[in-house]
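This report describes helix packing, nonpolar cores and selected residues in one protein chain. The sequence and the model are shown first, and the discussion follows.

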Amino acid sequence: MVLGTVVSMIYNLTDTFFVAQTQNANLVAGITLCTPLFSMMIALGDMFGLGGSSAISRLLGQKKYDLAGRVNSFCFYSTTLLAIIVTACLFIFKQHVLNWLGVTQATYQYAAIYYKIMAAAGILIIISLVPINTLRTEGLATESMIGTASGTILKIFLDPLFIFGFHLGAAGAALATVVGYLVTDSILIGYTVRRARYIHINIHKMKIPKIEIKDVLMIGIPASVTNFMTMLGTAIMNNFLIVYGANKVAGFGIATKIETIVTMVLVGFCFGSQALIGYNYGAKNKERLKKIIQFDILVNAGFAFVIALILIAIAPALCGLFMHDQGVVNAASYMLRWFLITTPFIGISLVFTTMFQSVNQPLDAFVMSISRQGVVFVIVIFIVATMMGYQGVIVSQPIADIITAAIGFVLYRKDFGKNGKAFRNW
């Protein structure tokens with residue numbers, strides 16, 4: 001899973017890099033303003049992708065193989081229906097959504113075309129999250145990675161071709177995404193049909209008991225809320241920054257994509273261990289479960305600290321690779337350094353969030369999901385930005401990172417301390 005995440009990380013960097021090579025700050029800002037749209041699609045796919053994988057892992061641990069397969073089919077076709085509805089809504093309410101995202105007159109022409117193509121790709125993006133996550137429950141992490149990496153690598157090659165070769169600009173970046181996800185979906189569905197032993201996508205075997213639907217949604221909804229909060233946080237940050245000019249929004253887009261070097265690997269470690277945590281929880285192996293969680297925290301926090309130090313040192317040089325405009329480079333490197341300071345806290349928070357999802361603690365997972373880029377961030381940015389202006393906007397996310405990690409630690413002690421809540425039903 002980590003390898004697949006690294007490939008996605010490389011895509012995020014190269015995608016922004018090729019768009020930035022146009023040296024058009026308004027174009028970069030227009031696409032950055034639409035970034036929450038992608039986060040929303042990932043969130044909707046996670047509802048059944050992560051929720052389903054958590055439920056399937058526990059069922060496989062309990063050796064309920066037939067039911068695990070049915071849960072997978074339920075999740076796949078439920079996601080398909082949801083994706084169709086969402087795509088239709090995105091087209092119907094296009095103008096309202098663009099206004100909410102903070103699109104200005106200068107960025108509208110770029111944001112609008114990118115939005116329309118990404119909305120059309122919504123079905124492909126949302127559906128992909130089910131097999132990406134559920135294949136790992138059977139130990140097919142390599143197959144999941146291959147499917148994800150294939151579409152991503154193809155998109156990396158198509159980006160410069162569509163953007164510069166065909167002179168499509170923002171439309172080229174979006175079209176490359178469509179083709180990439182079409183390939184990803186085809187490969188992942190093929191692996192599910194041909195390689196999986198227990199999970200399937202048989203439409204005639206998608207009916208499952210209400211208690212299993214509840215289990216999927218009780219974990220899936222908090223999991224999807226995490227990305228909904230990412231969407232909310234990014235949109236709010238964009239709206240605060242656009243007041244200071246398109247250069248600041250473009251800088252934010254570059255800074256957040258470079259920060260992905262850290263966060264996506266952290267997510268990869270967390271998701272990679274999620275099936276293992278769920279399996280041991282289902283098998284009631286308490287000691288091994290605790291060791292896995294502790295190791296996960298150590299690896300995430302340690303990796304985040306080391307890589308953050310390196311990136312902080314070379315931040316101006318990294319940001320300068322994207323654009324020549326010194327105003328954009330200065331804004332991007334300044335934001336990046338502030339964002340990287342608290343990445344170890346992000347790593348710890350991610351471990352707590354995915355852990356609560358895996359051990360069937362939906363309320364705690366929900367609290368963590370709405371905190372970092374949701375409730376905590378919103379409260380912090382409105383208070384600190386009012387007090388400190390532009391500087392307050394920049395430091396609001398690091399402050400929210402620290403607060404969220406503290407919340408996660410308190411919940412962890414409650415669930416996994418002596419007579420912890422997570423073990424009471426054993």
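The crossing of α11 and α14 is right-handed, and it belongs to a predicted model. Helix α11 covers residues 246-282 and helix α14 covers residues 326-341, and their axes come within 8 Å and cross at roughly 40 degrees. The two helices are therefore oblique to each other, since angles under 35 degrees count as roughly parallel and those from 65 to 115 as roughly perpendicular.

On the α11 side the contact is made by N247, K248, A250, G251, F252, I254, A255, T256, I258, E259 and V262, while α14 contributes V328, A331, A332, M335, L336, F339 and L340. By residue class, this contact between α11 and α14 divides into 13 nonpolar, three polar and two charged residues.

One of the α14 residues in this contact, M335, also has a place in the nonpolar interior. The largest nonpolar core holds 107 residues, and V71, L241 and M335 are the members that touch the most others in it. Helix α3 (residues 35-61) gives the most to this core, with 11 residues. When residues up to four places away in sequence are not counted, M335 touches L241, K248, G251, F252, A255, Y390 and I394. Of these partners, K248, G251, F252 and A255 also appear on the α11 side of the helix contact. A second core, separate from the one in which M335 is so well connected, consists of 17 residues and includes I277, V351, F352 and M355. As background, nonpolar side chains tend to be buried together in soluble globular proteins.

The interior of the model can also be followed through single residues. E143 is found in helix α8, which spans residues 141-165, and with a relative accessible area of 14% this residue is buried, because the limit for that class is under 20%. Leaving aside neighbours within four places in sequence, E143 is in contact with L188, Y191 and R195. I261, which lies in helix α11, likewise counts as buried, at 16% relative accessibility. The C-alpha atoms of I261 and I307 are separated by 8.5 Å, although the two residues are 46 residues apart along the chain.

L81, in helix α4, is exposed, with a relative accessible area of 53%. L81 and I127 are 46 residues apart in sequence, and their C-alpha atoms are 9.4 Å apart in space.

Two loop residues deserve a separate look for their backbone angles. Q23, in the loop between α1 (2-20) and α2 (25-33), has a positive phi of about 60 degrees although it is not a glycine. K63, in the loop between α3 and α4 (65-92), is also a residue other than glycine with a positive phi, here near 65 degrees. Q23 is partly exposed, whereas K63 counts as exposed.

The accessibility values of the residues discussed one by one are collected below.

| Residue | Relative accessible area | Class |
|---|---|---|
| E143 | 14% | buried |
| I261 | 16% | buried |
| Q23 | 31% | partly exposed |
| L81 | 53% | exposed |
| K63 | 55% | exposed |

How values were computed:
Residues numbered from 1 in each chain as written. Predicted model: local features only at pLDDT ≥ 70, side-chain atom pairs only at ≥ 80, totals over all residues. Heavy atoms only, no water. Axes fitted to C-alpha atoms, helices over the stretch in contact; angles between N-to-C directions. Helix = DSSP H or I, 4+ residues; strand = E, 2+ residues; numbered from the N terminus. Parallel < 35°, antiparallel > 145°, perpendicular 65-115°, else oblique. Left-handed = near helix turned anticlockwise from the far one by under 90°. Contact = heavy atoms within 4.5 Å. Nonpolar A, V, L, I, M, F, W, Y, C, P; charged D, E, K, R; others polar. Core = buried A, V, L, I, M, F, W, Y, C linked by side-chain atoms within 4.5 Å. Buried < 20%, exposed > 50% of the residue type's maximum accessible area, 1.4 Å probe, protein only.
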